[in-house]
Amino acid sequence: MAFLTQKSCAFLLVVVAAVYIQLYQAHDIPARCYCPETIPFIRGNISDFQVYEKRPGCDKTELIFTMSKADNSTEKICMNTGKKQAKAFLICWDRINKNETRKRECIDRMKRAE
């Protein structure tokens with residue numbers, strides 16, 4: 001069995017280090033925000049919503065509504081959580097203890113306020 005020369009050993013060490021760095025970085029890919037753009041308020045037929053709290057890769061709370069259209073299709077719309085309508089919605093969400101089964105209460109409350 002032949003021994004590795006000093007150059008071969010150094011090259012192998014560099015390759016192993018490069019592979020290790022690539023694998024380490026690939027594992028820590030941060031998540032991104034779901035809402036690159038938001039609107040200040042919503043009017044229409046809300047069928048569902050999602051609240052995404054701050055998380056690694058996104059430093060803001062995101063509020064995404066699913067809107068039902070006349071042709072039975074749906075559209076997802078991101079609302080600016082700094083505006084009055086969104087703040088009221090997030091307060092309702094907290095009031096129901098973020099209970100997925102009670103989402104309809106917040107949707108109905110929003111409809112009554114329109």
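**View 1. The whole chain, from end to end.** Starting at the N terminus, the elements of the chain follow the order α-β-β-β-α-α. That gives 3 helices and 3 strands to look for as you find your way around. Please keep in mind that this is a predicted model. The chain has 114 residues, and 24% of them count as buried. Its accessible surface comes to about 8800 Å², with 58% belonging to carbon and sulfur atoms. Among contacts between residues at least 6 apart in sequence, 44% join residues at least 24 apart.

**View 2. Phe-49 and its surroundings.** Here we visit strand β1, which covers residues 46-52 and includes Phe-49. Is Phe-49 buried or exposed? Its relative accessible area is 0%, so Phe-49 counts as buried. Which residues are in contact with Phe-49, once its neighbours within four places in sequence are left aside? They are Leu-63, Ile-64, Phe-65, Phe-89, Trp-93, Lys-103, Cys-106 and Ile-107. Met-67 is another residue to find in this view: it lies 18 residues from Phe-49 along the chain, and the C-alpha atoms of the two are separated by 8.7 Å.

**View 3. Lys-103 and a network of salt bridges.** Lys-103, one of the residues in contact with Phe-49, also takes part in a salt bridge with Glu-100. The closest N and O atoms of this pair are 3.1 Å apart. How do the two partners sit relative to the surface? Lys-103 is buried, with a relative accessible area of 7%, whereas Glu-100 is partly exposed at 48% relative accessibility. Asp-48 joins the picture too, as Asp-48, Glu-100 and Lys-103 are linked in a network of salt bridges.

**View 4. Two further salt bridges, Arg-104 with Asp-108 and Asp-94 with Lys-98.** The structure holds 7 salt bridges, and this view picks out a pair of them. In one, Arg-104 meets Asp-108, with the closest N and O atoms 3.4 Å apart. How far apart are Arg-104 and Asp-108 in helix α3? They are 4 residues apart, so about one helical turn separates them. Arg-104 is partly exposed, with a relative accessible area of 38%, and Asp-108 is partly exposed as well, at 30%. In the other salt bridge, the side chains of Asp-94 and Lys-98 come together with an N to O distance of 3.8 Å. Asp-94 has a relative accessible area of 45% and counts as partly exposed; Lys-98, at 39%, is also partly exposed.

**View 5. The largest pocket.** We finish at the largest pocket, which has a volume of about 290 Å³. Which residues are closest to its centre? Of the 14 residues that line the pocket, these are Gln-85, Ala-88, Arg-109, Met-110 and Ala-113. Two helices, α2 (84-95) and α3 (103-113), are the elements that give two or more residues to the lining. The largest share, 6 residues, comes from α2. By type, the lining residues divide into 9 nonpolar, 1 polar and 4 charged. You have already met α3 in View 4, as the helix that holds Arg-104 and Asp-108.

Definitions and conventions:
Residues numbered from 1 in each chain as written. Predicted model: local features only at pLDDT ≥ 70, side-chain atom pairs only at ≥ 80, totals over all residues. Heavy atoms only, no water. 1 Å grid on protein atoms, 1.4 Å probe; cavity = no way out; pocket = protein on both sides within 12 Å on 5 of 7 lines; lining within 4 Å. Points joined across faces, edges and corners; volume = space filled by probe spheres on them. Nonpolar A, V, L, I, M, F, W, Y, C, P; charged D, E, K, R; others polar. Buried < 20%, exposed > 50% of the residue type's maximum accessible area, 1.4 Å probe, protein only. Contact = heavy atoms within 4.5 Å. Areas by Shrake-Rupley, 256 points an atom, 1.4 Å probe, with all protein chains shown as cover. Salt bridge = Lys/Arg side-chain N within 4 Å of Asp/Glu carboxyl O.
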